[in-house]
Amino acid sequence: MGNRGMEDLIPLVNQLQDAFSSIGQACNLDLPQIAVVGGQSAGKSSVLENFVGRDFLPRGNGIVTRRPLVLQLISANAEWAEFLHCKGKKFTDFDEVRQEIEAETDRVTGANKGISPVPINLRVYSPHVLNLTLIDLPGITKVPVGDQPVDIEQQIKDMIMQFITRESCLILAVTPANTDLANSDALKLAKDVDTQGLRTIGVITKLDLMDEGTDARDVLENKLLPLRRGYIGVVNRSQKDIDGRKDIKTALEAERKFFLSHPSYRHMAEKMGTPRLQKVLNQQLTNHIRDTLPAFRSKLQSQLLALDKEAEEYRGYRPDDPSRKTKQLLQMVQQFSVDFEKRIEGSGDQVDTVELSGGAKINRIFHERFPFELVKMECDEKEMRREISYAIKNIHGIRTGLFTPDMAFEAIVKKQVIKLKEPCVKCVDMVIQELINTVRQCSNKLECFPRLREETERIVTAHIRDRERGAKDQVLLVIDIQLSYINTNHEDFIGFANAQQRSSQTNKSQSSAGNQSLQVIRKGWLTINNISIMKGGAKEYWFVLTAESLSWFKDDEEKEKKYMLPLDNLKVRDVEKSFMSSKHIFCIFNTESRNVYKDNRTLELACDSQEDVDSWKSSLLRAGVYPEKITTVESETTTASDNFSMDPQLERKVETIRNLVDSYMAIVNKCIRDLMPKTIMHLMINNVKEFINAELLAQLYSAGDQNALMDESQEQAQRRDEVLRTHQALKEALTIIGDISTSTITVPLPPPVDSSWVGGTSGGRRSPPPSPTAPRRMSSGQRPAPRGAPPPPNRPGPLGPFNNSADSPQAPSRPNRAPPSIPSRRPPPSPTRQVP
């Protein structure tokens, strides 16, 4: 008698699958898969065909199943089959199904016995099947043939493991009766993945092909090599029966007659055969569905809650309603404006923890990148003094001047101020690029309406470009204002009287500032890139930069200092990124060609991004470590040819003007660093925000048809339709589950048995003694146990929870059973020999 409640649960699963099939999705109830595992010609394919009741699998010698066949059985009113790779085509002739399997196998593996782990998915709809997923796996082989690789055995085992490691997969370990069960590869693989034996059932095939006088009674009674769920014997059709078109119904009747008439099996005939195997699997299916429903109900409820809000918005949506489009256009533009302002000004409700937002990047440009660009424009010290000396000589002309000319000071200052135009214009360009990137990021929320997104990006970007010219003109005007009048009465300017004394004052100020040299400018992780492999290779350290030194430690606790590098005579140089390295590198070197770190002339430091490199360079600038000035060969040659010596009086004049230029340029740089962010903020950023708030909507209305702007994308229409159908299917599924009673009968697992024999060879641990009344066993290599040895106790073992019956107790063992004295022999080849 079958399990009560089965007639309720299986239709329940069918209704759930229908509900989800209506929306084109699979029901994730996680029904058990049934993987058929065994050696070649063990009868695996015949077992599957008996489940379906149709001949549809390829036949032949050697390895026939060369790709996994995922066979989905679906209960339906009519009978047909379809493949995933040719979806929509129905096969009503199962001979065509076999031909399609062979053709699809050859398409991937070739026609010369090659294998592939890519599965073939086949669905069979029939009123005679239950909802199950069966997997026909290639038979375990030892020796490669044809195009098979040398490691064919390992590849097939890996392929099998992909399926049987799943907890929802039942394992049918198929072993032919005319081979040694102790050497069964199927049982060995099952034990590896199912150590408690909760999913494994033994299937013994070819019982009708054993030698006369031998039988498999001890195995089927679960006494020889016990499994927790035991074994079920089946008799499949022989090759002669298949060639003679003997149908499966007749074969099942012949199978039952075989067990009822065989003297060794007649007492267990009700526990053998294909119908019994189906019953055990149906019981397992019912228990699995019953155990899965509570968790599945919770999963459906959480998915329904997640879709409630979105489905409610879509439910009242009418794509062609003009008032709806107008309202949504206003909402989209308003949301775009809010998002843009939040990205620029910053907000506490939507903080990006992955990367810097637009406003933070612009702040970095103002206070790190722009000062760094200013310092890079500074002239080399020797070049500066040389220009001053030429200016003094040219101003005096033929005469020898007694005083330091102020015109030389103005000429040098103006030349230095003009150089500031390039970094200022570059700063504007960087801010504009960041504004455009921010616009694109904010427009991502408009992707449901492609025309609206395109027009919004175009209008705002065009306005930014329009403001670009005005911002650059204003920045250049600031530089021109600085050139128009050299204010030597500025309170921070040292003046001519104090310029000559600046050197001595500088030395005193440096000594007085020694107490402040310990001020930390920056801390962080850097990788020292140029450590040789013999000394450990590149390694990451914690760096601490002060006004006087650069130190690094083992970690950020700063307890173990590795080295301290003084900053005197140090400069920074860019290093080209290597092909194999993913990091960005810069190096520090000594201008006097001394070793910087141990035996290294340079110290190469690596960061994860170019932004980190620029940030460290800016920090080094604050500490007085400037970038290297690159000079061309021509300038070096000119410098060498025009080299001359100055008299002491000229040297004093040069030093005086040099101090004056340094003092005045410090004032100009301070002013420019302060005015640039303010100018760009006023003319660019604030103006763009006001434009988006006040004029973007009007520009969109004047751009064209508003209805065309709000035409949604095809993806959005599909998304809306999918959300609504999924929401409805979830509600139906919860209703179905709520209406069904899950009080089915569940049968407890049989107690564990001793399965320590699995994993060893036939010459390993001793197996339980066989029955003395059995004429012959099927084992051909088992060492006989001593006569009269008692059977081992039922100790917990790692393998297989199946006994002969899932709803009946295990047959009692009979004591003092004698082992067979003569092992069975393999039968000779016969035209009626079974082929899977």
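I take a residue as buried when its relative accessible area is under 20%, and with that cut-off in hand I looked up Ser337 in this predicted model. Ser337 sits in helix α10, and because its relative accessibility is 10%, I enter Ser337 as buried. Setting aside the neighbours within four places in sequence, I find Ser337 in contact with Ile692 and Asn693.

Next I turned to the chain as a whole. I note 23 helices and 16 strands in the protein chain, and of its 836 residues 46% count as buried. The accessible surface comes to about 42500 Å², and carbon and sulfur atoms account for 49% of that surface. When I restrict the contacts to residues at least 6 apart in sequence, 77% of them join residues at least 24 apart.

I then asked which residues have the most contacts inside the largest nonpolar core. That core has 65 residues, and the ones I wrote down for their contacts are Phe409, Leu435, Ile464, Ile672 and Met676. Among the helices that each supply at least two residues of this core are α10 (322-345), the helix that holds Ser337, and α15 (450-484), α20 (648-694) and α21 (696-703). The largest share, 17 residues, comes from α20.

From the core I followed Ile672 outward, again leaving aside its neighbours within four places in sequence, and recorded contacts with Phe370, Leu420, Cys424, Val478, Ile479, Gln482 and Pro677. Apart from the largest core I also located another one, of 41 residues, and its members include Val37, Ala182, Leu227 and Tyr265.

My last entries concern a sheet. In what order do the eight strands of the open sheet run? I read the order as β3-β4-β2-β5-β1-β6-β7-β8, with mixed pairing. The edge strands are β3 (80-83) and β8 (231-233), each of which pairs on one side only. On average, neighbouring strands of this sheet are turned by 25 degrees against each other, direction ignored.

At the β8 edge I checked the pairing with β7 (residues 200-205), which is in the parallel sense over three bridges, and there I found Ile204 opposite Gly233 in β8. Helix α3 (residues 94-109) packs on the sheet, where I see it touching β2 (69-75), β3 and β4 (120-126). The direction of helix α3 makes about 170 degrees with that of β4.

Definitions and conventions. Residues are numbered from 1 along each chain as its sequence is written. This is a predicted model: local features need pLDDT of at least 70, side-chain atom pairs count only at pLDDT 80 or more; totals for chains, interfaces and linings use all residues. Side-chain values use heavy atoms; hydrogens and water are left out. Helices (H or I, at least four residues) and strands (E, at least two) are DSSP runs, numbered from the N terminus. Buried means under 20% relative accessible area, exposed over 50%, partly exposed in between (1.4 Å probe, protein chains only). Contact means heavy atoms within 4.5 Å. Accessible areas come from the Shrake-Rupley method with a 1.4 Å probe; for residues, only the protein chains shown count as cover. A nonpolar core is a set of buried Ala, Val, Leu, Ile, Met, Phe, Trp, Tyr and Cys residues joined through side-chain atoms within 4.5 Å. Two strands pair if DSSP finds at least two bridges between them. Axes are lines fitted to C-alpha atoms, for helices over the stretch in contact, and angles run from 0 to 180 degrees between N-to-C directions.
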